[in-house]
Amino acid sequence: MKPYIYLLIFTMFAFSCSNDDDGTSNNEPTLHGEWSLVNVSGGLAGIDDDFPVGLITWDFNLNTQELTVTNTNVELVIYDGLPTGTYDYAVMTSTGSDATIVINNVNYAVVSITSTSLVLDEGVAADGFLLTYTR
C-alpha cells in the first residue's frame, strides 16, 4: 500500500509544477539589449529608407553604458546610422518621461519605446533623421 501512496504523492507533485515563469516577467520597456534599425526617414532630402531586420543592429548595455553597433549595410544610402564600433552613451531625462540618449556628442530624443519598438529623433525638425528600431 505504501508504494501506491508514494506514487500518488509523486504524481500529484509532478503535475502541480508548471513552466509558467512568464507570469512574473516584467514587460516594462527597456533600452537594454539588441535593436535592429528598420527605417530611417527625414533629413534635408526627405529620405524614407527601410532596412531588413539584423542588417544594422545597436546593442545597448546598461551595465557598462556602451553601445555596440554592427552596421553591415553595403547599399549606397544617404544615412544608415552609426558605423560599426563601440560607443559610450548616456541617457538624460528631463521633466516627465522625456529622455534623450547622447551618443558620440549627438542627442537622440526618445520619441517612443515599447518592448518591441524604439523610435529615436536626431532632430527631424532641424534636418536630422528619425530612426525606427525593432527587436
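**Close-up views of a predicted chain**

The chain exposes about 8,900 Å², of which carbon and sulfur atoms supply 56%. The model is a predicted one, and the legends below begin with the whole chain before turning to one strand and then to single residues.

**View 1. The chain as a whole contains one helix and nine strands.** Followed along the sequence, these elements appear in the pattern α-β-β-β-β-β-β-β-β-β, with the helix leading and the strands coming after it. Of the 135 residues in the chain, 28% are buried. Among the contacts that join residues at least 6 apart in sequence, 40% link residues that are at least 24 apart.

**View 2. Strand β1, which spans residues 33-42, is mostly covered.** Nine of the 10 residues in β1 are buried. Strand β1 pairs with strand β2 (residues 47-50) in the antiparallel sense, over four bridges, and within this pairing N39 stands opposite D50 in β2. The two strands form a hairpin, with four residues between them. In the turn of that hairpin, G43 has a positive phi of about 80°.

**View 3. Strand β1 also pairs with β3 and with β9.** Strand β3 covers residues 56-61 and runs antiparallel to β1, the two being joined by four bridges. Here W35 is found opposite W58 in β3. Strand β9 covers residues 129-134 and is likewise antiparallel to β1, this time over six bridges. In the pairing with β9, S41 stands opposite L130. In a regular strand, as a general point to keep in mind when looking at such a view, the side chains alternate between the two faces of the sheet.

**View 4. T57 is a residue of strand β3.** Is T57 buried or exposed? T57 is counted as buried because its relative accessible area is 9%, which is below the 20% limit used for that class. Leaving aside neighbours within four places in sequence, T57 is in contact with E34, W35 and S36, and also with T68, V69 and T70. Of these contacts, W35 is the residue that stands opposite W58 in the pairing of β1 with β3.

**View 5. T100 is found in strand β6, which runs over residues 99-103.** T100 has a relative accessibility of 24%, and therefore counts as partly exposed, since this class lies between the limits of 20% and 50%. Which residues does T100 touch, if those up to four places away in sequence are not counted? They are A90, V91 and M92, together with N107, Y108 and A109. The C-alpha atoms of T100 and V110 are 5.7 Å apart in space, although the two residues are 10 apart in sequence.

**View 6. D121 lies in strand β8, which runs over residues 117-121.** With a relative accessibility of 22%, D121 is counted as partly exposed. When neighbours within four places in sequence are left aside, D121 is in contact with N107, Y108, A109 and V111, as well as with F129 and L130. One of these, L130, stands opposite S41 in the pairing of β1 with β9. The side chain of D121 also reaches the backbone nitrogen of G123, at 2.6 Å. Along the chain D121 and T132 are 11 residues apart, and their C-alpha atoms are separated by 8.9 Å.

Conventions. Residues numbered from 1 in each chain as written. Predicted model: local features only at pLDDT ≥ 70, side-chain atom pairs only at ≥ 80, totals over all residues. Heavy atoms only, no water. Buried < 20%, exposed > 50% of the residue type's maximum accessible area, 1.4 Å probe, protein only. Pairing = 2+ DSSP bridges. Contact = heavy atoms within 4.5 Å. Polar contact = N/O pair within 3.5 Å; in protein donor to acceptor, adjacent residues only side chain to side chain. Areas by Shrake-Rupley, 256 points an atom, 1.4 Å probe, with all protein chains shown as cover.
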